[in-house]
Structure formats: structure tokens, C-alpha cells
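Biologist: Could you walk me through this one? I'm new to it and would like to know how to read it.

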Amino acid sequence: MSPNEFVATVVVLASAVLLISFWKQILFILLFGVVTVFCFGLYNVATAMGH
């Protein structure tokens, strides 16, 4: 196994461990981001229609 493949494997394993450990936090952050973007979009539509 070449050094590049080894590094890639380590990165993938570390990412998998982080995902498994923090999937609830990651999910919460994603949901929060989606809701924020959605509300921002609604606000922009409302102001555009208001004018």
C-alpha cells in the first residue's frame, strides 16, 4: 500500500468514526442550516411580494 493510499484510508476511517460519534450533532446542525435557509428564502419572497 502506497503512502497516499494509507493516508486516504486513515482519513476515511477518521471521518467514519466522527460521523458515527457525532451524527446527532451533525444532523442537528444540518437541520438548523436548512431551516435557516428556508426562513431566509420565505422572508425574501415575502418582502419581494410586499413591494
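Here is a short chat about this predicted model, from the overall fold down to single residues.

Biologist: How many helices and strands does the protein chain have?
Modeller: It's a simple count here. There are no strands to look for, since the tally for the protein chain is 0 strands and 1 helix.

Biologist: Is the protein chain spread out or a compact globule, and what is its radius of gyration?
Modeller: For 51 residues, the globule rule gives 10 Å. The protein chain is well over that, so it is more spread out than a compact globule. Its C-alpha atoms fill a box of roughly 65 × 25 × 5 Å along the principal axes. The radius of gyration is 20 Å.

Biologist: Where is the kink in helix 1 centred?
Modeller: Start with the ends of helix 1, whose C-alpha atoms are only 59 Å apart. A straight helix with its 48 residues would reach 70 Å, at 1.5 Å a residue. There's also a kink of about 75 degrees, and it is centred on Phe22.

Biologist: Is Val37 buried or exposed?
Modeller: Val37 sits in helix 1. Across the protein chain, 0% of the 51 residues count as buried. Exposed means over 50% relative accessible area, and Val37 has 59%, so Val37 counts as exposed.

Biologist: Which residues make the nonpolar surface patch of about 520 Å²?
Modeller: One member, Met1, lies in the segment before helix 1. Met1 is exposed, at 73% relative accessible area. The full set is Met1, Phe6, Val7, Val10 and Val11.

Biologist: What share of the protein chain's exposed area do carbon and sulfur atoms supply?
Modeller: The protein chain exposes about 4,800 Å². Of that area, carbon and sulfur atoms supply 82%.

Definitions and conventions:
Residues are numbered from 1 along each chain as its sequence is written. This is a predicted model: local features need pLDDT of at least 70, side-chain atom pairs count only at pLDDT 80 or more; totals for chains, interfaces and linings use all residues. Side-chain values use heavy atoms; hydrogens and water are left out. Helices (H or I, at least four residues) and strands (E, at least two) are DSSP runs, numbered from the N terminus. The radius of gyration is taken over C-alpha atoms; the globule rule is 2.2 Å times the number of residues to the power 0.38. Buried means under 20% relative accessible area, exposed over 50%, partly exposed in between (1.4 Å probe, protein chains only). Accessible areas come from the Shrake-Rupley method with a 1.4 Å probe; for residues, only the protein chains shown count as cover. Patches are made of residues with over 30% relative accessible area and no salt bridge: like charges are joined within 9 Å, nonpolar side chains (Val, Leu, Ile, Met, Phe, Trp, Tyr) within 5 Å. A salt bridge is a side-chain nitrogen of Lys or Arg within 4 Å of a carboxyl oxygen of Asp or Glu. The expected span of a helix is 1.5 Å times one less than its number of residues. The bend at a residue is the angle between axes fitted to the seven residues ending there and the seven starting there.
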